[in-house]
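Below are some remarks on the structure, set out as numbered points for a colleague who wishes to check them against the coordinates.

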Amino acid sequence: MLSARDRRDGPPAEGAAAGLQGFAVDKTFLSSLKGILLETELALTFIIFICFTASISAYMAAALLEFFITLAFLFLYATQYYLRFDRLNWPCLDFLRCVSAIIIFLVVSFAAVTSRDGAAIAAFVFGIILVSVFAYDAFKIYRTEMAPRTTQGLSHEEGGLD
């Protein structure tokens with residue numbers, strides 16, 4: 001009969017961290033432009049969630065949902081776990097996340113500012129800042145990942161600039 005030691009394929013695992021080796025965080029991603037944008041979006045959605053919780057609790061679900069979606073994308077990109085799902089078009093999903101967040105936060109921010117509460121006005125200001133961050137993120141995604149590439153080797157005659 002085989003013992004537990006004989007059935008092991010590799011060396012013994014060291015602690016609980018050995019089971020999480022697939023979730024190693026890429027620290028270079030967190031300091032890259034995309035990582036900083038995702039972290040900024042995450043922080044601003046949390047601030048807006050707190051402002052809505054303090055003033056108008058009807059709008060806090062939108063901020064909380066966007067917080068969790070942004071957290072999921074940050075986790076997937078930072079651990080490079082998204083590479084395991086190669087059938088999904090990640091730039092397109094990220095672009096749609098940004099566009100939907102722009103629409104949601106524009107509507108919610110302008111609806112919140114109609115109540116003259118101080119926390120709602122703060123949520124409006126942070127919402128407009130967050131919309132600009134999401135718009136920049138969407139622009140960068142479109143320019144780097146989705147825009148059709150132009151050919152670099154066009155000569156003067158082929159370009160039609162006579």
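1. On disulfides, the count comes to zero in this predicted model, the criterion being a pair of cysteine sulfur atoms within 2.5 Å. Two cysteines may be looked at in this connection: Cys51 counts as buried, with a relative accessibility of 11%, and Cys98 is likewise classed as buried, its relative accessibility being 0%.

2. On confidence, the chain has a mean pLDDT of 83, and 78% of its residues reach 70 or more. Residues 3–19, however, have a pLDDT below 50, and in the model this stretch makes two contacts beyond near neighbours in sequence. Where pLDDT is low, the predicted coordinates should not be read in detail.

3. Cys98 comes up again around Asp137, a residue of helix H6. Is Asp137 buried or exposed? Asp137 counts as buried, because its relative accessibility is 1% and the limit for that class is under 20%. Apart from neighbours within four places in sequence, Asp137 is in contact with Lys34, Leu37, Glu41, Arg97 and Cys98.

4. Helix H6, which spans residues 118–146, also holds Tyr136. Tyr136 is partly exposed, with a relative accessible area of 38%, and together with Leu33 and Phe139 it makes a nonpolar surface patch of about 300 Å². Since patches are made of residues with over 30% relative accessible area, the 38% of Tyr136 is consistent with its place in this one.

5. Ala54 is found in helix H3, which covers residues 33–54. Ala54 is exposed, with a relative accessible area of 59%, yet contacts with residues distant in sequence are present: once neighbours within four places are set aside, Ala54 is in contact with Asp117 and Ala119. A further pairing can be checked by C-alpha positions, for Ala54 and Ala120 are 66 residues apart in sequence and 8.2 Å apart in space.

6. A last point concerns backbone geometry at Gln80, which lies in the loop between helix H4 (60–78) and helix H5 (90–112). What is the value of phi at Gln80? The angle is near 55°, which is a positive value in a residue other than glycine. As for its surroundings, Gln80 counts as partly exposed, because its relative accessibility is 38% and that class runs between the limits of 20% and 50%.

Technical notes
Residues are numbered from 1 along each chain as its sequence is written. This is a predicted model: local features need pLDDT of at least 70, side-chain atom pairs count only at pLDDT 80 or more; totals for chains, interfaces and linings use all residues. Side-chain values use heavy atoms; hydrogens and water are left out. Patches are made of residues with over 30% relative accessible area and no salt bridge: like charges are joined within 9 Å, nonpolar side chains (Val, Leu, Ile, Met, Phe, Trp, Tyr) within 5 Å. Accessible areas come from the Shrake-Rupley method with a 1.4 Å probe; for residues, only the protein chains shown count as cover. A salt bridge is a side-chain nitrogen of Lys or Arg within 4 Å of a carboxyl oxygen of Asp or Glu. Helices (H or I, at least four residues) and strands (E, at least two) are DSSP runs, numbered from the N terminus. Buried means under 20% relative accessible area, exposed over 50%, partly exposed in between (1.4 Å probe, protein chains only). pLDDT is the predictor's confidence in each residue, from 0 to 100. Contact means heavy atoms within 4.5 Å.
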